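Take a walk through this fold, one packing contact at a time. The route runs from helix pairs to cores, then to single residues.

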Amino acid sequence: MEKVKLNNGIDIPWVGLGVFRLEDNKEAEKVIGTALSVGYRHIDTAMYYHNEEAVGKAIKNSGIPREEIFVTTKMWNSDQRSGKVKEAFETSLKKLDLDYIDLYLVHWPVEGKFIETWKKFEEIYETGKVKAIGVSNFKQYHLEALAKESTITPAVNQIELHPYLVQENDLSYCKKAGIRVEAWSPFAANQTGLFDEKTLTNLADKYSKSPAQIILRWDYQRGVVTIPKSANEKRMVENLDIFDFSLNDDEIKSINLLDKNLRIGPDPDHVDF
């Protein structure tokens with residue numbers, strides 16, 4: 001598994017497994033166990049996903065040394081609003097049954113709360129119980145506001161990003177700020193006909209890859225970490241197999257042109273949940 005360094009020097013695998021909507025713990029444990037067995041070393045969960053326990057059990061049962069697996073979880077909005085940031089972290093740590101978390105994220109930029117929350121994240125980071133801290137679903141103006149009040153730059157900004165939502169401006173800002181962008185829903189949830197786009201199918205034919213692999217390679221070459229979700233072993237393996245070919249600049253640009261500014265998830269400007 002190829003890795004990239006975050007701004008504090010720790011390594012994160014380029015491709016991870018997202019486990020959103022795997023709320024049945026037995027199923028989640030099985031899926032995560034399969035992913036680990038075929039080579040995944042990066043699991044992305046969240047308090048809101050209700051499967052942190054399954055992640056921890058799958059890691060323990062895998063027989064793989066803990067230090068070889070990168071684990072991300074996120075703090076939910078209710079804990080942010082209540083100010084129970086450190087309590088939420090300890091709850092996630094307990095549910096995961098781990099000694100430390102590799103990456104802890106502020107799940108959404110709750111208005112009037114996210115700067116205060118980040119300051120508590122910085123304090124959690126100083127305890128050594130988390131290797132890196134970051135944010136999720138933050139736009140440029142959220143990050144700029146954070147920069148004025150913080151002492152630690154987020155290591156990661158995990159955002160919705162796919163060929164229908166290219167996010168060029170936020171990606172450019174994060175690169176300049178030293179923040180690694182991570183894409184959730186890199187395939188636009190497979191609900192929009194994205195895989196049928198001629199741009200992607202033609203490239204898939206050219207390189208003997210799938211449209212999904214073309215998208216993940218496009219992310220990789222733009223410097224974006226990805227966490228595709230799949231419970232299918234064949235697709236899990238396929239999603240890791242993106243490091244033996246390369247898209248040229250014109251091909252990258254052709255995928256960028258698919259942009260529709262189309263969100264399938266909530267807009268970070270309106271975090272009322």
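Helix axes here are lines fitted to C-alpha atoms over the stretch in contact, and angles run from 0 to 180 degrees between N-to-C directions. The model is predicted. Start with helix α5 (residues 114-126) and helix α6 (residues 140-149). Their axes come within 10 Å and cross at roughly 55°. Angles under 35 degrees count as roughly parallel, and 65 to 115 as roughly perpendicular. The crossing angle therefore makes α5 oblique to α6. The crossing of α5 and α6 is right-handed. On the α5 side, the contact uses Phe114, Ile115, Trp118 and Lys119; on the α6 side, it uses His142, Ala145, Leu146 and Glu149. By class, this contact has 5 nonpolar, 1 polar and 2 charged residues.

Stay with α6 and follow the chain past its end. Proline 154 sits in the loop between α6 and β8 (156-160). Is proline 154 buried or exposed? Its relative accessibility is 5%, so proline 154 counts as buried. Beyond its neighbours within four places in sequence, proline 154 is in contact with Asn7, Trp118, Ile133, Gly134, Val135, Leu143, Leu146, Gly178 and Ile179. Two of these names are familiar: Trp118 and Leu146 also take part in the contact between α5 and α6. Proline 154 and threonine 72 lie 82 residues apart in sequence, with their C-alpha atoms 14 Å apart in space.

Now look at the loop that leads into α6. Asparagine 137 lies between β7 (130-136) and α6. Most residues other than glycine have a negative phi. Asparagine 137 is not a glycine, yet its phi is positive, about 65°. With a relative accessible area of 4%, asparagine 137 is buried. Alanine 188 also has a positive phi, about 55°, without being a glycine. Alanine 188 belongs to the loop between β9 (180-184) and α8 (198-207). Its relative accessible area is 0%, so alanine 188 is buried.

Move next to a second helix pair. Helix α1 (residues 25-37) and helix α2 (residues 52-62) pack at an angle of about 40°, with their axes 8 Å apart. α1 and α2 are therefore oblique to each other. Their crossing is right-handed. Which residues meet there? From α1 come Asn25, Ala28, Glu29, Ile32, Gly33 and Leu36; from α2 come Glu53, Ala54, Val55, Lys57, Ala58, Ile59, Asn61 and Ser62. This contact of α1 with α2 divides into 7 nonpolar, 4 polar and 3 charged residues.

Look closer at α2. Its residues Glu52, Ala54, Val55, Gly56, Ala58 and Ile59 are buried. These buried residues pack against α1, β4 (42-44), β5 (70-75) and α4 (85-96). Lysine 60 is in α2 too. Its relative accessible area is 49%, so lysine 60 is partly exposed. Outside its neighbours within four places in sequence, lysine 60 is in contact with Asp97 and Leu98. Its C-alpha atom is separated by 22 Å from that of lysine 3, 57 residues apart along the chain. Glycine 63 follows α2, and its phi is positive, near 80°.

One of the elements that α2 packs against is α4. Glutamate 90 is found in α4. At a relative accessible area of 36%, glutamate 90 is partly exposed. The C-alpha atoms of glutamate 90 and lysine 3 are separated by 27 Å, and the two residues are 87 apart along the chain.

Finish with the interior. In soluble globular proteins, nonpolar side chains tend to be buried together. In this model, the largest nonpolar core has 84 residues. Ile32, Ile214 and Leu247 have the most contacts inside it. Helix α9 (residues 211-221) gives the most to this core, with 6 residues. Take isoleucine 214. Not counting residues up to four places away in sequence, isoleucine 214 touches Leu200, Leu203, Ala204, Tyr207, Lys209, Phe245, Leu247 and Ile255. A second, separate core has 5 residues, among them Met47, Trp108, Val110 and Val271. Ile32 links the themes: it is in the contact of α1 with α2, and Ile32 is also among the residues with the most contacts inside the largest core.

Technical notes. Residues are numbered from 1 along each chain as its sequence is written. This is a predicted model: local features need pLDDT of at least 70, side-chain atom pairs count only at pLDDT 80 or more; totals for chains, interfaces and linings use all residues. Side-chain values use heavy atoms; hydrogens and water are left out. Helices (H or I, at least four residues) and strands (E, at least two) are DSSP runs, numbered from the N terminus. Angles under 35 degrees count as roughly parallel, over 145 as roughly antiparallel, 65 to 115 as roughly perpendicular and the rest as oblique. A crossing is left-handed if the near helix is turned anticlockwise from the far one by less than a right angle, and right-handed if clockwise. Contact means heavy atoms within 4.5 Å. Ala, Val, Leu, Ile, Met, Phe, Trp, Tyr, Cys and Pro count as nonpolar, Asp, Glu, Lys and Arg as charged, and the others, Gly among them, as polar. A nonpolar core is a set of buried Ala, Val, Leu, Ile, Met, Phe, Trp, Tyr and Cys residues joined through side-chain atoms within 4.5 Å. Buried means under 20% relative accessible area, exposed over 50%, partly exposed in between (1.4 Å probe, protein chains only).
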